[in-house]
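Work through the exercises below with the sequence and the model open. Each task is followed by a solution in steps.

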Amino acid sequence: MAVMALAGLTHATLSHAQAYPTKPIRLIVPFAAGGTTDIVARAVSDALGRELGQPVVVENRGGGGGAIGADALAKSAPDGYALGIATVSTMATNPATNPKNPYDPLKDFAPITNLVNVPNVLTINPQVPAKNLKEFIALVKATPGKYSYASAGKGSISHLDGELFKLVTKTDMVHVPYRGSGPALNDTLAGQVSGQFDNLPSSMPHIQAGKLRALAVAAPKRVEGLPDVPTFAEEGLKDVNNMAWYGLVAPANTPPAIVAKVHDAAVKALKDPNVQRRLKDSGSYTDGNTPQQFAAQIKRELELRKKIAVEQNITLE
């Protein structure tokens with residue numbers, strides 16, 4: 001009887017997956033509207049909905065450095081009607097630095113695909129007397145503790161990127177945390193702090209206007225629009241050459257057939273010319289890897305961020 005019941009359950013699950021979706025899908029964005037995570041979600045959601053045959057409705061659930069939205073997704077029913085955007089912050093930096101993080105990034109989600117990779121950039125206020133990365137490193141080494149860098153908050157990706165930079169270059173800069181990348185950017189522009197580690201899309205207009213000096217980008221090659229700015233790898237800092245990423249996940253135990261269906265639809269959505277144009281304009285590189293590849297990417301990122309947190313003694317407690 002137990003075998004028959006299990007067989008019936010499996011058949012019902014398969015039938016449900018084949019019919020999916022029959023109603024609108026929520027796409028939880030764990031940050032406020034207007035940021036890079038929201039830009040990526042809204043660039044992809046319409047095309048994803050067309051491919052699936054049901055609307056994909058963006059739902060912003062900001063707070064806690066992304067932890068509130070990620071936790072809401074983790075606790076949602078694993079039926080494919082709640083999906084979420086996963087970021088380096090939600091899947092790596094938060095869990096690496098916060099012992100009270102409410103979810104397990106490796107156990108509480110079903111990875112679907114990485115949608116895009118986004119370059120990070122190190123910028124300084126033009127008043128800082130360094131014209132390039134080598135000069136800046138020499139300057140900071142000569143005056144330990146004099147120069148500062150802004151981040152979007154303690155434990156954020158920009159904070160850990162700054163600490164990784166300090167580790168690799170053996171330099172000493174003062175970390176100045178803010179409540180988000182916007183205020184950090186404003187004070188970098190005003191010269192209240194020396195520089196900032198940031199996603200490229202938000203800093204790009206200020207770099208192009210000459211209000212910030214870009215020293216290096218974390219990207220596989222030089223960025224279109226900034227041909228004179230080298231990558232960290234070109235400057236001999238390959239360990240710092242890590243892009244941010246924004247992927248698609250579902251709650252753990254979502255049926256594999258539904259994960260496969262959403263994955264196929266997302267890959268097709270990323271090939272839509274309008275989606276590609278919008279993402280390119282934001283400075284993003286489209287991806288579309290497999291669920292297995294995305295799971296491995298999340299695990300690698302988490303291990304890296306844990307290492308930085310331990311070596312630099314970063315904890316949110």
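Contact here means heavy atoms within 4.5 Å. The model is predicted: local features need pLDDT of at least 70, side-chain atom pairs count only at pLDDT 80 or more, and totals for chains, interfaces and linings use all residues. Residues are numbered from 1 along each chain as its sequence is written, and side-chain values use heavy atoms, with hydrogens and water left out.

**Exercise 1. Place S284 and state with which residues S284 is in contact, leaving aside its neighbours within four places in sequence.**

Step 1. Find the segment. S284 lies in the loop between α10 (273-281) and β11. Helices (H or I, at least four residues) and strands (E, at least two) are DSSP runs, numbered from the N terminus.

Step 2. Check accessibility. Buried means under 20% relative accessible area, exposed over 50%, and partly exposed in between (1.4 Å probe, protein chains only). The relative accessibility of S284 is 9%, so S284 counts as buried.

Step 3. List the partners. Without neighbours within four places, S284 touches V40, V116, N117, V118 and L279.

**Exercise 2. Give the strand order of the open sheet of 6 strands, then look at how β1 is joined to β3.**

Step 1. Apply the pairing rule: two strands pair if DSSP finds at least two bridges between them. The order is β2-β1-β3-β10-β4-β11, and the pairing is mixed.

Step 2. Identify the edges. β2 (56-60) and β11 (285-286) are the edge strands, each pairing on one side only.

Step 3. Take one pair. Strands β1 (residues 25-29) and β3 (residues 82-87) run parallel and are joined by 3 bridges. In β3, A82 stands opposite R26.

**Exercise 3. Trace the salt bridges made by E59 with R26 and with R61.**

Step 1. Set the criterion: a side-chain nitrogen of Lys or Arg within 4 Å of a carboxyl oxygen of Asp or Glu. The structure holds 12 such salt bridges.

Step 2. Take R26 and E59. Their side chains meet at 3.3 Å, N to O. This pair links distant parts of the chain, with R26 in strand β1 and E59 in strand β2, 33 residues apart.

Step 3. Add R61. The side chains of R61 and E59 meet at 3.1 Å, N to O. R26, E59 and R61 are thus linked in a network of salt bridges.

Step 4. Compare with accessibility. R26 is partly exposed at 32%, E59 is partly exposed at 23%, and R61 is partly exposed at 32%.

Step 5. Take another bridge, K238 to D239, where the closest N and O atoms are 3.6 Å apart. K238 is exposed, at 61%, while D239 is partly exposed, at 46%.

**Exercise 4. Classify the ring pairs F165 with F197 and W245 with F294.**

Step 1. Recall the description. A pair of aromatic rings is described by the distance of the centres and the angle of the planes. Rings of Phe, Tyr and Trp (its six-membered ring) pair if their centres lie within 6.5 Å; planes under 30 degrees apart count as stacked, over 60 as edge-to-face and the rest as tilted. By this rule the count comes to 5 aromatic pairs.

Step 2. Take F165 and F197. The ring centres are 5.5 Å apart and the planes stand at 55°, so this pair is tilted. F165 belongs to helix α6 (residues 157-169) and F197 to strand β8 (residues 195-199), 32 residues apart. Both F165 and F197 are buried.

Step 3. Take W245 and F294. With centres 5.6 Å apart and planes at 85°, the pair is edge-to-face. W245 lies in strand β10 (residues 244-251) and F294 in helix α11 (residues 291-311), so the pair ties together parts 49 residues apart in sequence. W245 counts as buried at 1% relative accessibility, and F294 counts as buried at 0%.

Step 4. Look for a cluster. Ring pairs link Y149, F165 and F197.

**Exercise 5. Which residues have the most contacts inside the largest nonpolar core?**

Step 1. Define the set: buried Ala, Val, Leu, Ile, Met, Phe, Trp, Tyr and Cys residues joined through side-chain atoms within 4.5 Å.

Step 2. Read off the answer. The largest core has 50 residues, and L48, L115 and L248 have the most contacts inside it.

Step 3. Follow L48. Leaving aside neighbours within four places in sequence, L48 is in contact with residues including V56, L248 and V262.

Step 4. Note the other core. Another core of 25 residues lies apart, with V128, L133, F165 and M173 among them.
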